[in-house]
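Please open the structure in your viewer and keep the selection tool at hand. The tour proceeds by stops, each with something to select and a description of what is found there.

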Amino acid sequence: MSLPETTDEILPTSTDEVCAALAENASGEQRAVFPVGGRTALHYGYAPQTPGVALSTHNLHRVIDYPARDMTITVEAGICIDNLADTLKAEGQRLPIDVAQSSRATLGGVLATDTNGARRFGFGTMRDYVIGITAVDAAGKPFHAGGRVVKNVAGYDLCKLMIGSLGTLAVVTEVTLKLKPLPESSTLLWCRFDGWQDLDAALEGLLRSDTRPVAVEALNSEAAHDVVSESRLELPTNGPIACFGFEGTQRETDWQMERLTNELKQANVAELAQVSHEQSESLWFALADFAVTSEEPLTFQAALRPSRTIEFVKLATDAGVSIVAHAGDGVVIGHLPDDVTTLEAAQSVLDPLQQMAARGDGDLIIFDCAEDWKQSIPVFGERMTHWGLMDKIKQQLDPNNLLNPGRFGLPAEAI
Amino acid sequence: MSVDEMTTTSESLPAILDNLREIVGADSVLSSHEQLLVYECDGFVIEKNTPDCVVFPETTEQVVAIVKLCNQHQIPFVPRGAGTSLAGGCLPVGGGVMIALTRMRGIHEVNLRDRYAVVGPGTVNVHLTQHLKGTGFHYAPDPSSQGACTIGGNVATNSGGPHTLKYGVTVNHILGAEVVLPDGEVVQLGGYLAESPGYDLTGLFVGSEGTFGVCTKVIVRLTRDPAAYRTMLGVFETVSDATQSISGIIGAGIIPAALELMDQGIIEAVEAAFGFGFPLDAGAVLLIEVDGLEVAVDNEAKQIVELCEQHGAREVRKADSPQQRDLLWKCRKKAFGAIGRLSPSYCTQDGVVPRTKLPEILKFITESGARHDIRIVNVFHAGDGNIHPILLFDERDSEQVERVLRASDEILNRCIELGGSVTGEHGIGVEKISFMNKLFTAEDLETMESVRIAFNPLGLCSPQKMLPTAGACGMEHIERSHPARKAAL
C-alpha cells in the first residue's frame with residue numbers, strides 16, 4: 001500500500017459529485033487527490049510524497065447503457081471486472097482483457113494502469129476497446145471524448161491519453177467499451193521443452209504455423225510451478241514451458257490444438273499437455289494472477305522485441321527470477337527471488353536485465369518494490385524523448401499538480 | 001494569434017523562399033501561381049486556398065529545418081500526403097508553407113518475427129501491401145483510396161476502410177511514430193515494441209489531423225494473413241431486409257472481416273461501370289467477407305447464408321474464385337468512380353450510428369432526399385454503422401447546391417440524435433468544424449484545446465483545423481458553398 005497512512009477517503013456516487021468534490025478541493029484546500037478503484041495497483045509508480053485525499057470510485061458501479069445488439073456498453077468506472085464480465089456474459093459477450101484479482105480490480109483501475117495479460121496477443125489491450133470516456137479534471141471540470149459508436153474520429157482521442165495515465169490527468173468516471181462475442185471454446189496447449197533454444201525455435205516456427213493462437217506464453221520452472229499449483233491442474237513444470245491459447249468455435253480450437261501439436265512434434269517439444277475448454281478457465285486465471293505481487297521483493301515488467309524475449313528470459317532465469325512472458329508480444333513479468341533482500345542485491349539482478357532490454361530497444365519498469373528502493377532504481381526505465389511532452393500535457397490538464405502528484409516522477413509533478 | 005497576424009507571409013516570403021531552397025534544393029520548392037493551383041485543396045474541394053509555397057523534404061532533418069524556419073518567421077505550415085483527405089485536412093488555411101511528404105516514401109525495414117515495418121510517411125498504402133505480398137503478413141488498414149493515399153495521411157486522419165469491422169482502424173495498427181513537433185523538436189512516440197512507459201502519445205497523435213506536428217517516420221504493426229476467405233453477395237428486395245440481416249449476423253456472434261452495403265442507386269452505376277452481374281432490380285446488396293481458418297470459414301459462410309435467408313434475402317451468391325473476389329472488391333472500392341454516370345457532381349457524407357439504428361437512419365436519408373428533392377444513393381461500411389450517403393447534384397446550379405447542403409446537415413444532425421457521430425473515418429478537418437460544438441460540450445472542447453496547446457502552443461502547425469477554437473479566429477465563419485466531387489473511403 002503506498003498511500004500515506006492518514007489518507008481519508010471520499011466516495012462520490014455520480015460524475016456530478018466527483019465534479020463538486022474536485023472543484024471544492026481546487027478552489028479551497030488544494031490537497032493532493034489519489035483516485036482509487038479496487039486498490040489492487042497502488043504500488044505502481046512513485047508513491048505520493050504529500051498527504052491528500054483518496055477519491056474512491058467504489059460507489060460508481062452502475063451499468064448506464066448496454067445496447068447488446070450494438071456490442072457496446074457504457075458503465076461507471078468503479079464497476080469491478082467480475083461484475084462487468086457477468087453482465088456481458090448474460091448476452092454472450094465479453095471484454096477480452098486478462099485482469100488479475102478481477103473480483104476487486106475495477107474497470108477504471110484497469111484503464112488507468114493499462115492492465116492486460118496473456119490474450120493481448122490475439123485481442124490487443126484497453127486502447128483497442130475504449131471508445132468513449134467521461135472524466136473530470138483536477139479543477140472539477142467534466143469532459144467527454146469519443147462517443148458510443150464503434151467508429152468515430154471526431155475530436156482528439158483523449159480516451160487513449162487516459163489509458164495508462166495512472167490517474168495523473170483526470171478522474172475517469174464513465175467508460176464506453178466495444179465488445180467481443182464470447183467464444184464457444186477456449187483451450188490451451190502446455191508444452192515442456194528441454195532447453196530455451198528449442199522453445200525459441202518453436203516460437204519462431206509460429207510465423208509459419210497454420211494455427212492462429214490468441215496467447216503465446218513462455219514460463220520458467222519457478223513460474224510454471226506457481227501457475228500450475230494455482231490452477232490445480234496436473235501439468236509439467238520442470239523446464240522451459242511454452243503455453244499457447246486458442247479460442248473460437250469448438251471446431252476451430254480442436255483443429256488448431258491438433259495441428260499445433262503436430263507442428264511442435266517436429267520442433268523438439270519434450271512433453272505436451274492439452275488443457276480442455278472445461279479446464280481452461282482456471283489456467284487463464286492462474287496466468288493472469290501471476291502478475292499479482294505479494295511477498296516478492298520486487299516485480300517488474302520488461303518490454304522487448306519478441307525475437308529477443310527468450311534470451312532475456314534465460315538471463316533472468318539464471319538470476320533466479322520467476323518469469324511469465326507474453327512471448328508473442330515481447331512483454332515479460334518477473335518476480336525477484338525471496339533471497340534478494342537488499343537494494344544492492346536487487347540492482348545486481350536488475351542491471352544486466354535493464355541493459356539487455358535497452359539493447360533491444362526495450363525497457364524495464366518496476367511494478368512493485370520497497371518504496372525506498374525506488375529512489376535508486378528508475379521505476380519507468382530510462383527517460384525517452386516523449387517525457388517532455390508528457391510533462392507539458394500534465395501541466396495543461398492539471399497545472400496545480402493535484403492528481404496523483406509525483407506518480408510518474410515528471411518535473412511538472414514536482415511538489 | 002489571429003489569422004491576420006498569421007498571414008504575414010507575403011512580406012517574409014521572398015526571403016524564406018531562398019532559405020527553403022537552401023534546405024531542400026531549388027527543384028523541391030514550388031512557388032509560382034500555376035504550380036500551386038494543384039495544392040489549393042484536397043479531396044474536399046468546397047474550400048480552396050493556395051499555400052504560399054510547397055516544399056518537398058526528403059529527410060527528417062530537412063523537415064526540422066523547414067519547421068524551424070517557419071517558427072522564426074511566424075509563418076503557418078501544414079503537412080500534406082497525397083491530398084486524398086475528404087474533410088479539408090490539408091487545406092492551407094491562412095496560406096503559408098505546405099510540407100509535402102510524398103518524397104519520404106521509403107519502406108525502411110520489414111521485420112516479420114517482431115511483426116513491424118518502418119515506413120516513410122509518404123509511402124502509398126497499397127505499395128506497402130504489395131511489398132509485403134508473399135511474406136504471409138500484411139498491414140491491415142485498407143482504405144478504399146489505398147491506391148493513392150499515404151501512410152502518413154492515414155495516421156493523421158486515423159483512416160478506416162472496409163476491413164475495420166474485424167481488424168480495427170489505423171490507430172490499432174500503429175506502434176510508433178517519429179514526429180517533428182511544431183517547434184522543430186524531434187520526438188519518438190512509441191516504438192518497435194508492444195509497450196512503452198508513460199502516456200500513450202502514439203494513440204493520441206493518430207487522428208490529430210496534422211495539428212500536433214509533422215510525422216516523419218511510422219512504425220506499423222504487421223498482421224498474419226488469414227488462411228482462407230469466403231466472399232459472398234447477399235441480394236435483398238429492400239434496404240431494410242439487408243440491415244436486419246446485418247444485426248442478425250452480428251447478433252449471432254459472427255464478426256465478418258467486412259460487411260458492406262450498396263443500395264439500388266449505386267448498384268446501377270457500378271454495374272454499368274464494371275459489369276459484375278449485379279441484379280439491377282434488387283433493393284440492396286450486402287458484400288460479406290469472412291476470413292480465418294480454412295476449417296472455419298465454410299461453416300461461418302453457411303451460417304451467414306442462413307441468417308440472410310431468414311431475413312428475406314432473395315439469394316446469396318458466393319465469389320468462388322479469387323478473380324471473382326477481386327472483381328467484387330474492385331466494384332466496392334471503386335464505386336465512387338462510377339458515380340459520374342449518375343450525375344455531374346456528388347457529395348459524400350460520413351456519419352456513424354449505432355449499428356441497430358441503420359434502418360432508421362437509412363429511412364431518414366430517403367426522406368431527406370425527397371424533402372430536398374436531391375437523389376441520394378448509399379454505399380457504406382454497414383457492419384460498423386458508418387454510413388456514406390452520396391448526394392447527387394449539378395454544381396452549376398446554386399439552388400441545388402443549397403439543397404444538398406441542407407440535406408447533408410440534416411442527415412448528420414440526425415446521426416448525432418441517434419447517438420452517433422458526424423465522422424467515422426474522414427475526419428473533422430475544416431468541413432465539419434461547425435459540428436464539433438454539437439457533438440461536444442464547451443468543456444470537452446476546452447480540454448481538447450489544452451492538449452493541442454501542449455503540442456502546438458503557437459498554432460502555427462495546421463492552423464484552424466479540428467477544433468472550432470483552434471487558432472483563436474473561428475473557422476465557423478467559413479461558408480460552405482460549393483459541395484462537389486469527393487471520392488470516399
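Begin by selecting Phe364(B), which is placed in helix H13 (residues 358-371) of chain B; helices (H or I, at least four residues) and strands (E, at least two) are DSSP runs, numbered from the N terminus. The model is a predicted one, in which local features need pLDDT of at least 70 and side-chain atom pairs count only at pLDDT 80 or more, while totals for chains, interfaces and linings use all residues. Residues are numbered from 1 along each chain as its sequence is written, chains are lettered from A and ligands numbered from 1 in the order in which they are written, and side-chain values use heavy atoms, with hydrogens and water left out.

**First stop: around Phe364(B)**

Is Phe364(B) buried or exposed? Its relative accessible area is 15%, so Phe364(B) is buried. Buried means under 20% relative accessible area, exposed means over 50%, and partly exposed lies in between (1.4 Å probe, protein chains only). Now display the surroundings of Phe364(B): leaving aside neighbours within four places in sequence, it is in contact with Arg371(B), Glu410(B), Ile411(B) and Arg414(B). Contact means heavy atoms within 4.5 Å. Next, draw a distance from Phe364(B) to Leu287(B): the two are 77 residues apart in sequence and 23 Å apart in space, C-alpha to C-alpha.

**Second stop: Leu259(B)**

Leu287(B) leads to the next selection, since it appears among the residues that Leu259(B) touches. Select Leu259(B) in strand E13 (residues 258-263) of chain B. Leu259(B) counts as buried because its relative accessibility is 1%. Not counting residues up to four places away in sequence, the residues touched by Leu259(B) include Leu165(B), Ile246(B), Ile288(B), Phe380(B) and Gly383(B). For a long view, select Gln74(B) as well: its C-alpha atom is separated by 47 Å from that of Leu259(B), and the two residues are 185 residues apart along the chain.

**Third stop: chain B as a whole**

Show chain B in cartoon form, where there are 16 helices and 20 strands. The radius of gyration of chain B is 23 Å, close to the 23 Å that the globule rule gives for 489 residues, so chain B is as compact as a globular protein of that length. This radius is taken over C-alpha atoms, and the globule rule is 2.2 Å times the number of residues to the power 0.38. Along its principal axes, the C-alpha trace of chain B spans about 70 × 60 × 45 Å. Of its 489 residues, 65% count as buried.

Before leaving chain B, select Ser462(B), in the segment after helix H16 (442-455). Phi of Ser462(B) is near 50°, a positive value in a residue other than glycine. With a relative accessibility of 3%, Ser462(B) counts as buried.

**Fourth stop: chain A**

Turn to chain A, which has twelve helices and 18 strands. Its radius of gyration, 22 Å, is close to the 22 Å that the globule rule gives for 415 residues, so chain A is as compact as a globular protein of that length. The C-alpha atoms of chain A fill a box of roughly 70 × 55 × 35 Å along the principal axes. Of the 415 residues, 62% count as buried.

Select Arg39(A) in the loop between strand E2 (32-36) and strand E3 (52-56). Although it is not a glycine, Arg39(A) has a positive phi of about 60°. At 29% relative accessibility, Arg39(A) counts as partly exposed.

Continue to Thr106(A), in the loop between strand E6 (93-94) and helix H3 (107-113) of chain A. Thr106(A) is buried, with a relative accessible area of 6%. Not counting residues up to four places away in sequence, Thr106(A) touches residues including Gly37(A), Gly38(A), Ala77(A) and Cys80(A).

**Last stop: the nonpolar cores**

A nonpolar core is a set of buried Ala, Val, Leu, Ile, Met, Phe, Trp, Tyr and Cys residues joined through side-chain atoms within 4.5 Å. Which residues have the most contacts inside the largest core? They are Trp190(A), Phe244(A) and Phe300(A), and this core has 159 residues. Helix H11 (residues 343-359) of chain A gives the most to this core, with seven residues. Apart from it lies another core, of 45 residues, among them Ala242(B), Leu259(B), Phe393(B) and Ala407(B).
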